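Please work through the following exercises with the sequence and the model at hand. Each task is followed by a worked solution.

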Amino acid sequence: MTKPLNGIKIIDFTHVQAGPACTQMLAWFGADVIKVERPGSGDVTRSQLRDIPNVDALYFTMLNSNKRSLTLDTKNQAGKEVLEKLIKVSDVMVENFGPGALDRMGFTWERIQELNPKMILASVKGFSDGHHYEDLKVYENVAQCAGGAASTTGWWKGEHSEPTISSAALGDSNTGMHLAIGILTAIIGRQQTGKGQKVAVSMQDSVLNLCRVKMRDQQRLDRLGYLEEYPQFPHEKFTDVVPRGGNAGGGGQPGWILKCKGHETDPNAYIYFTVQGHAWEPICDALGKPEWKTDPAYTTPKARQPHIMDIFATIENWLKDKTKYEAVDILRKFDIPCAPVLSMKELLNDESLRKSGSIVEVQHKERGSYFTVGSPIKFSDLKPEITGSPLLGEHSDEVLAELGYTKDQIATMHAMKAV
Ligand code: CAO
């Protein structure tokens, strides 16, 4: 099957998670992604958090499927020449090195344009160019703190009321997804102008883009002095900054995580329950509380908010003899927005996710089979086929031959440790 990005050649000069997540997605959609890695060691995630000795870690395999691997020492003259040749024949170069690393290697944006004016250079950095922290190296959790997620996530009182990190990769994979949108936009732009351009995404900006409802709330708080949908309202005092809202999160509808049968022994025996305004009557019906439909203390969101935690406690009481699955099966009949809290084990074994291709089993030359995420984007005319990640340097000779190097020249480069 031809894929929409067939014919797009990408130099994948990325490592860890943010950059690799971006290029992996483009590879799923048909791009020829050549991962350029340092000879001998490669992407640091190959050896991080290994579960099998001397075999590429899942950290690597789950971010680098559908790619080819070329080892290249780009600080060595022969290695630099290979990269130059590759730049001349490629469409996109993606990198997420520390600030200035590409320039220090000799591949400034000016030099790249000289080599190939059609080249799209896509970069991830912790902070945007010109930002007062532009020199900082950044990992996931640092970005979550810098982008507003940590200050607005977690509990606002009690023993664990400090800013909190989400396990979702808001800084890494999320930035990679933003970069993928930027690259595709630049490819379409190039069809109009014939010219490449530089696409830059910062991790701070990408986190902030996902935290926009909290920026909304800051401005509402500045004006009003309170936030009516937060659990602090109306009994507690607001300060001048958006507070952490516990499990209310950022939604406009009051909601909470509620205990179900078995929560004493199962850490995930919970559902998320949303009290959506117009679903109030069905909620009363589902809970067997028809009197709430006419009681003025319950009929409007404003009337419910002062005792919303008591309402959640009543719902928890209703849930105590139901598993999370039983509860959702009842509530779904009443059109109430809710879901079970699912563990990674449950997700890995979820038949629907396997069927839709959101979780796939792939083969790896040394590891055997493993599970990885498939495309979360579904198309009517494209079915991405997910393949195992490449071994370090698996495609070096193949890529060098495509660039016109002879067998002898390739052997010399190996001897010089340039590849
Ligand atoms: N051949 C030769 N040298 C290579 C090479 C290759 N194939 N690949 C990388 N290098 C060199 C770089 O040129 C750089 O050298 P100098 O510092 O001497 O110029 C060196 O390796 C280290 O690169 P780095 O700064 O990117 O690596 P680090 O481990 O110190 O930092 C990270 C890692 C992620 C903090 C940093 O890359 C970063 O801030 N990146 C931008 C933000 C980002 O993407 N972070 C998220 C990563 S996902 O969690």
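The exercises concern strands and one helix of this predicted model.

**Exercise 1.** Determine which residues of strand β5 are buried on each of its faces.

*Solution.* Begin with the general pattern: in a regular strand, side chains alternate between the two faces of the sheet. Next, assign the residues of β5 (120–125): Ile120, Ala122 and Val124 lie on one side, and Leu121, Ser123 and Lys125 on the other. Finally, apply the cut-off for burial, under 20% relative accessible area. Six of the six residues in β5 are buried, and both faces are thus covered.

**Exercise 2.** Identify the strands that pair with β5, and state the sense of each pairing.

*Solution.* First, β4 pairs with β5 in the parallel sense through four bridges; within this pairing, Met93 has Leu121 as its bridge partner. Second, β6 runs parallel to β5 and is joined to it by five bridges. Here Val124 is partnered by Val201.

**Exercise 3.** Compare the span of helix α7 with the expected value, and establish what covers its buried residues.

*Solution.* Helix α7 comprises residues 173–193, 21 in number. From first C-alpha to last it reaches 30 Å, close to the 30 Å expected at 1.5 Å a residue. Its buried residues include Asn174, Leu179, Ile183, Ile187 and Arg190. Among the elements covering the buried residues of α7 are α1, β4, β5, β6 and α8. After the helix comes Gly194, with a positive phi near 80°.

Terms used:
Residues are numbered from 1 along each chain as its sequence is written. This is a predicted model: local features need pLDDT of at least 70, side-chain atom pairs count only at pLDDT 80 or more; totals for chains, interfaces and linings use all residues. Side-chain values use heavy atoms; hydrogens and water are left out. Helices (H or I, at least four residues) and strands (E, at least two) are DSSP runs, numbered from the N terminus. The expected span of a helix is 1.5 Å times one less than its number of residues. Buried means under 20% relative accessible area, exposed over 50%, partly exposed in between (1.4 Å probe, protein chains only). Contact means heavy atoms within 4.5 Å. Two strands pair if DSSP finds at least two bridges between them.
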